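Here are a few notes to read beside the model. I hope they help you find your way around.

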Amino acid sequence: RNERTTGIVLLISGSAQLADNGVIDRIIKETPVPIFGGVFPGIITERGIVDADAVLSRITVPVNVQVIHNLEQESPDMNSQLDDREIGNTVAIIANGLSKSLNALNEEVYAKYGGDKCYFGGGTGRVDFDRERKTVVTPNGLARHSGVVADITVDSTVSVGHGLEPIDGPY
């Protein structure tokens with residue numbers, strides 16, 4: 001577990017190649033501040049879906065990153081991996097999207113920290129659906145079967161503005 005850090009970097013990559021050829025691990029090792037994030041099949045931008053780049057964004061408010069392991073197991077002990085202290089108002093959950101315990105992680109974080117937080121995040125993964133690939137960016141390097149829970153000391157709101165129009169429903 002990391003102590004609360006100011007100046008942490010969020011890395012979102014749409015490039016499996018950057019993960020496979022060691023570029024992301026090299027960035028993590030050479031950057032003087034902690035990095036967290038994920039490798040996704042693509043990044044949605046105003047140019048469309050981009051699958052060859054990475055976005056680095058420095059967060060200048062205090063952040064604490066908790067790395068949760070063993071998400072490939074049906075019932076990993078997540079409670080002991082989560083801090084028992086009060087956390088920030090905004091929580092990012094980034095985990096391997098093909099993990100058996102992805103839903104359990106979300107439920108455990110919500111149960112432990114409550115509904116008064118602003119949660120956002122995503123499931124990492126690859127187009128080839130290979131569960132064994134490392135797709136979660138932790139301060140110690142790329143990881144597989146893991147997730148990061150980053151609590152950020154900032155007030156925020158999340159809204160959806162994707163521009164899709166409903167054609168039927170809700171159900």
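Which residue of β11 is the bridge partner of Ile-94? The partner is Val-148, and the points below build outwards from that strand.

1. A word on the basis. This is a predicted model, in which local features need pLDDT of at least 70 and side-chain atom pairs count only at pLDDT 80 or more, while totals for chains, interfaces and linings use all residues. Residues are numbered from 1 along each chain as its sequence is written, and side-chain values use heavy atoms, with hydrogens and water left out.

2. The overall make-up. The protein has 3 helices and 11 strands (DSSP runs numbered from the N terminus: H or I of at least four residues for helices, E of at least two for strands). Along the sequence the pattern reads β-α-α-β-β-β-β-β-β-α-β-β-β-β.

3. The sheet. An open, mixed sheet is formed by 4 strands in the order β6-β11-β7-β8; strands pair if DSSP finds at least two bridges between them. At the edges are β6 (63-68) and β8 (118-124), each with a single partner strand, so one side of each has no neighbour in the sheet. From one strand to the next the twist averages 15 degrees (axes are lines fitted to C-alpha atoms, for helices over the stretch in contact, with angles from 0 to 180 degrees between N-to-C directions).

4. Pairing around β11. Strand β11 (residues 147-152) runs antiparallel to β6, with 6 bridges between them; Val-65 is matched with Ala-150 and Ile-68 with Gly-147. On β7, too, β11 has an antiparallel partner, joined by 6 bridges.

5. Burial of β11. In this strand 6 of 6 residues are buried (under 20% relative accessible area, with exposed over 50% and partly exposed in between, using a 1.4 Å probe and protein chains only). Gly-147, Val-149 and Asp-151 point one way, Val-148, Ala-150 and Ile-152 the other, and all are buried. In general, side chains of a regular strand alternate between the two faces of the sheet. For the whole protein, 40% of the 171 residues count as buried.

6. The helix on the sheet. Helix α3 (residues 102-113) packs on the sheet and touches β6, β7 (90-96), β8 and β11, where contact means heavy atoms within 4.5 Å. The direction of α3 makes about 160 degrees with that of β7.

7. Contacts along the chain. Of the contacts with a separation of 6 or more, 81% are between residues 24 or more positions apart.
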